[in-house]
Amino acid sequence: MPHSHSHPPLPAPSQEGSVVLEIGGTLGALIIHTSPAEDGLEIEVSLAGGAAARTHAAVRPRHLAGRTVHCAVISPLPEGDYLIWRTGGLVEARVAVHGGQVSEYRWQSGSAHASGGAVTAQA
């Protein structure tokens, strides 16, 4: 389900330490790691029981010490089980987000649908 609002141009790639996550209590965050081919792709997520209400973030390069990674960072998210959506209404994965933590997922490049791969890390 594509969203129907416009966005300003994508921001420049972020530098190490420049992304702030709002986590704590019942709020967590989700980082979706991708390949460079997904730069600029908007990835949508929704609570597992509320697929109509989605939020999204664009994949951007993140320059870290000695390397660059591509990912979408979605924060804050109320704790719960989330669906990660591909274009065309396909579900990529289901990921648990816990309050006070950062959950991570590896996007399956080029696949129509992937199974799992979710990891949760304590913040």
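This is a walk through a predicted model, going from a sheet to its core, its charged pairs and one loop serine.

Let us start with the open sheet, where four strands line up in the order 4-3-7-8 with antiparallel pairing. Strand 4 (54-58) and strand 8 sit at the edges, each pairing on one side only. From one strand to the next, the twist averages 30°.

Within this sheet, follow strand 3 (42-47) across to strand 7 (80-85). Four bridges hold the two in antiparallel pairing. If you look across the pair, Ser 46 faces Leu 83 in strand 7, while Glu 44 has Trp 85 opposite. On the way to strand 8 (91-97), strand 7 pairs again, this time through six antiparallel bridges. Here Asp 81 stands opposite Ala 96 in strand 8. Strands 7 and 8 also make a hairpin, with five residues between them. Gly 88 lies in the turn of this hairpin and has a positive phi of about 85°.

Next comes the nonpolar interior. The largest nonpolar core holds 16 residues, and among those with the most contacts inside it are Leu 30, Ile 32, Ile 43 and Ile 84. Strands 2, 3, 6 (67-78), 7 and 8 each give two or more residues to this core. Ile 32 is a good residue to click on: beyond its neighbours within four places in sequence, its contacts include Ile 43, Val 45, Cys 71, Ile 84 and Trp 107.

Now for the charges. Side chains of opposite charge can pair when their charged atoms come close. The whole structure contains four salt bridges, and three of them are worth a visit.

One salt bridge joins the side chains of Glu 44 and Arg 54, with N to O at 2.9 Å. Glu 44 belongs to strand 3 and Arg 54 to strand 4, so this pair ties together parts that are ten residues apart in sequence. With a relative accessibility of 10%, Glu 44 counts as buried because the cut-off for that label is under 20%.

A second salt bridge brings Arg 94 and Asp 81 together at 3.3 Å, N to O. Arg 94 is in strand 8 and Asp 81 in strand 7, 13 residues apart. How do these two fare for exposure, buried or exposed? Arg 94 counts as exposed at 52% relative accessibility, whereas Asp 81, at 35%, is partly exposed.

The third takes us back to the hairpin. Arg 86 is placed in the loop between strand 7 and strand 8, and its salt bridge with Glu 92 has the closest N and O atoms 2.6 Å apart. Both residues are below the 20% cut-off, so both count as buried: Arg 86 has a relative accessible area of 13% and Glu 92 one of 0%.

Our last stop is Ser 35, in the loop between strand 2 (27-34) and strand 3. Ser 35 is partly exposed, with a relative accessible area of 22%. Which residues does Ser 35 contact, leaving aside neighbours within four places in sequence? They are His 70 and Ser 109. His 70 is 35 residues away along the chain, yet its C-alpha atom is separated from that of Ser 35 by 6.0 Å. The side chain of Ser 35 also makes a polar contact of 3.2 Å with the side chain of Ser 109. Within its own loop, Ser 35 has a side-chain polar contact of 2.6 Å with Glu 38.

Methods: Residues numbered from 1 in each chain as written. Predicted model: local features only at pLDDT ≥ 70, side-chain atom pairs only at ≥ 80, totals over all residues. Heavy atoms only, no water. Buried < 20%, exposed > 50% of the residue type's maximum accessible area, 1.4 Å probe, protein only. Contact = heavy atoms within 4.5 Å. Polar contact = N/O pair within 3.5 Å; in protein donor to acceptor, adjacent residues only side chain to side chain. Pairing = 2+ DSSP bridges. Axes fitted to C-alpha atoms, helices over the stretch in contact; angles between N-to-C directions. Core = buried A, V, L, I, M, F, W, Y, C linked by side-chain atoms within 4.5 Å.
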